[in-house]
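User: Could you walk me through this structure, one question at a time? I have the sequence and the fold open beside me.

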Amino acid sequence: MGNIIVSPPNEAAIISGCRGTRIIIGKCSFQFWVFEKCKRLGLELMTISVQSRSAETAKGVRISLSSTAQIKILTGNGTKVDLDKVELAAQHFLGYSRDEIQHAVHRTMEGHQRQVIGTLTVEELYKDRASFSTRVKELVDPDLQNMGFELVSYTVTDIDDNEGYITALGATQTAAVKREAEEGRARSESTARGRMGEVQCEGEIGEGGSVRNDRRQENEIAAYET
């Protein structure tokens, strides 16, 4: 007659046929043979490495940028599963393998990543990765949601180029930081020496005044005795 379909919490079992379409998550249901079919869609977090090779920046410098994105199928607000959102992902990817789904999402991510790279200079990318990540998320989120996915996290892992531009930029910034540190240390030492000189002068003045007072007292005693 049929099968009992069991679906764990990290998987959606989608049964379709003579009784319509049912989405089962963390439950069990009955599937009639011949008249109904069951396919499954994984709800686990997917980690995708996104690489943009020889991407051109705003000033024409070509760089390679690598990032890591974590993607999952939209399932609601975390307290209750929204089956309509799961159904949206099923409409696009039901029957696809995990690798095929990741490949499709990767193409969307890489396209937007390369687009944002083209609006920034190498200096802006190097100095403010957080701002770059935010801009990529703003572009990617609407497209992923239309596909039934959400971007859980996105992090830039590496920025490089074949011309040594970023290496030189890093060396320049390191030299600037060292120079500022040396200048600060020199100012501190100069201030300390100046303070030490003031203390010594105050000590010498105090010592000289004491000697003069002793001599004046001796002279007064000698004059009285005579």
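User: At about what angle to S3 does H1 run?

Analyst: Happy to help, and please keep in mind that this is a predicted model. Helix H1 lies across three strands, S2, S3 and S5. Relative to S3, the helix runs at about 110°.

User: Which strands stand at the edges of the open sheet?

Analyst: The three strands come in the order S3-S2-S5, with antiparallel pairing. An edge strand here has a single partner, so one side of it is left without a neighbour in the sheet. From one strand to the next, the twist averages 20°. The edge strands are S3 (20–25) and S5 (36–42).

User: Which residue in S5 is the bridge partner of serine 16?

Analyst: Let's start with the strand pair: S2 (residues 11–17) and S5 are antiparallel and share seven bridges. Within S5, the partner of serine 16 is lysine 37.

User: Is threonine 75 buried or exposed?

Analyst: Threonine 75 sits in the loop between strand S7 (62–73) and helix H1 (83–93). Leaving out residues up to four places away in sequence, this threonine touches Leu43, Lys80, Val81, Asp82 and Val86. Its relative accessible area is 17%, and the cut-off is under 20%, so threonine 75 is buried.

User: Which helix gives the most to the largest nonpolar core?

Analyst: That core has 40 residues, of which Ile71, Met109, Phe132 and Phe149 touch the most other members. Phenylalanine 149 has contacts that include Met46, Phe93, Ile101 and Val105. With six residues, the top contributor is helix H2 (residues 98–117).

Conventions
Residues are numbered from 1 along each chain as its sequence is written. This is a predicted model: local features need pLDDT of at least 70, side-chain atom pairs count only at pLDDT 80 or more; totals for chains, interfaces and linings use all residues. Side-chain values use heavy atoms; hydrogens and water are left out. A nonpolar core is a set of buried Ala, Val, Leu, Ile, Met, Phe, Trp, Tyr and Cys residues joined through side-chain atoms within 4.5 Å. Buried means under 20% relative accessible area, exposed over 50%, partly exposed in between (1.4 Å probe, protein chains only). Helices (H or I, at least four residues) and strands (E, at least two) are DSSP runs, numbered from the N terminus. Contact means heavy atoms within 4.5 Å. Two strands pair if DSSP finds at least two bridges between them. Axes are lines fitted to C-alpha atoms, for helices over the stretch in contact, and angles run from 0 to 180 degrees between N-to-C directions.
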